[in-house]
Structures are given as C-alpha cells and as structure tokens.
Amino acid sequence: MAKLKIKKGDNVLILAGKENGKSGEVLECFPDENKVTVKGLNIVVKHRKPRSAQDKGGIVKLEGKIDISDVMVICPVCNKATRVKMGLDANNKKVRLCKKCGAVLDSGVKKQAKTTKSSTKDSSNKEEDKKEKKTSVKKSADTKTAENKTTVKDTKKRETKSSTVKATKSSTVKKTASTAKKIGGK
C-alpha cells in the first residue's frame, strides 16, 4: 500500500483534465489506486438501479476519482500550489511541509500555531480593547433609550387596538340581540 502526501481535507489544485485550473477540498483518498476525489469537481453520472422498495433508482451525479499526479496541494500560508516535502516539527514528529515557503501543512499543527498567535495579539492590543469597551458601553446606553421609546409606542398602539376591538365586540353583541328579538317577535 502506497502512502500519499495528500490527505483528506487538503485544498488542492487540479493540473490536468476537464477541470484543469480549478481547486477544491479532498473528500476521500484511495492510496491503493493513487487517486483522490475532490468536492464538486470531476462530476460523473451513474445510472443506479433500485435495490429495495425504499431505495430510489435513477441518474446520480457523483465526484469521480482523479489521479494523484494531476493534483497539487495549495499551501494555506502562501496560497500557491506546491509540492510536499517531509520534515520534523518541534516535537520531532514527522509533518508535511510546503516546498515553497516551508509552512506546515498538517491540520493538527496549524491549530496549535493559531492559538499561540491569538494569545500574543491579546497582550499587545489591551489598550484597543479598553477603547472598544468604552464605545460599546455608550452604544448600549443609546440603544436602551431607543428601545424604551419603541416600547412606549407599542403599548400605546396596543391600547388603541384593544379599545377598538372592545367597541366592535359590543356593537356586534347589540346587533345579535336585536336580531334575536325580531326573530322571536315574528
């Protein structure tokens, strides 16, 4: 069984065939066949026969397999199609690296890098956060006064609606009583 340098979830660029120049996410890898399927690309039509009473047959469109030599990984850092080289990370784990910029392509390592970047940003932007909090407090006070004004308007509208409904109900009751008297008088 051959080992592929492209994994499920990688963003790849198609290099040959009818989908040449398009990119998409790898849905499935087939290392025995040296092929991959890419989301939304290389669509093939299959005529499927119903196998049971609940199963519907018909014409089904599926993603077809693409040879591994016809795709290239797109580096998430430099956004270029690149070859993959193997290297070691800080923990002496084997990882996939971008051949052009040297960035790590494995998803587990990317998540660790993102968390360290966010913690450094938090410490450097404390002053900006304080300013944003002050402006958000002012905005929230303004929105509260606007909400109070709208609720007063809404209650006034409800009161007028309820009084008109009461008036129409009482007039209909009077009309039905008078019609009942007329019917009974005949």
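A residue is termed exposed when its relative accessible area is over 50%, buried when that area is under 20%, and partly exposed in between. These terms are applied below to a predicted model. By this criterion asparagine 92, with a relative accessible area of 61%, is exposed because its value lies over 50%.

Asparagine 92 is found in the loop between strands E9 and E10. The two strands form a hairpin with five residues between them. Strand E9 comprises residues 84-88 and strand E10 residues 94-98; their pairing is antiparallel and extends over five bridges. Within this pair, methionine 86 of the hairpin stands opposite arginine 96 in E10. The phi angle of asparagine 92 is near 60°, a positive value in a residue other than glycine. In general, most residues other than glycine have a negative phi.

A second hairpin is formed by E2 and E3, with four residues between the strands. Its loop contains asparagine 34, which likewise is not a glycine and has a positive phi of about 55°. Asparagine 34 has a relative accessibility of 32% and is therefore classed as partly exposed. Strand E3 (residues 35-38) runs antiparallel to E2 and is joined to E2 by four bridges. Glutamate 28 has threonine 37 as its bridge partner in E3.

Strands E2 and E3 belong to an open sheet of six strands, arranged in the order E6-E3-E2-E1-E7-E8 with antiparallel pairing. Strand E6 (65-67) and strand E8 (81-82) stand at the edges; each has a single partner strand, so one side of each is left without a neighbour in the sheet. Strands of a sheet pair through backbone hydrogen bonds. E6 pairs with E3 in the antiparallel sense over three bridges, and the partner of threonine 37 in E6 is lysine 65. Threonine 37 is thus bridged to glutamate 28 as well as to lysine 65. On the other side of E2 in the strand order lies E1. Strand E1 (residues 11-14) and strand E2 (residues 23-30) pair in the antiparallel sense over three bridges, and asparagine 11 has glutamate 25 as its bridge partner in E2.

With regard to surface charge, a positive patch is formed by Lys3, Lys5, Arg83, Lys85, Lys94 and Lys99. Of these residues, lysine 5 lies in the segment before E1. Lysine 5 has a relative accessible area of 42% and is accordingly partly exposed.

Notes: Residues are numbered from 1 along each chain as its sequence is written. This is a predicted model: local features need pLDDT of at least 70, side-chain atom pairs count only at pLDDT 80 or more; totals for chains, interfaces and linings use all residues. Side-chain values use heavy atoms; hydrogens and water are left out. Two strands pair if DSSP finds at least two bridges between them. Patches are made of residues with over 30% relative accessible area and no salt bridge: like charges are joined within 9 Å, nonpolar side chains (Val, Leu, Ile, Met, Phe, Trp, Tyr) within 5 Å. Accessible areas come from the Shrake-Rupley method with a 1.4 Å probe; for residues, only the protein chains shown count as cover. A salt bridge is a side-chain nitrogen of Lys or Arg within 4 Å of a carboxyl oxygen of Asp or Glu. Lys and Arg count as positive and Asp and Glu as negative; His and the chain ends are not counted. The place of a charge is taken as NZ of Lys, CZ of Arg, CG of Asp or CD of Glu. Buried means under 20% relative accessible area, exposed over 50%, partly exposed in between (1.4 Å probe, protein chains only).
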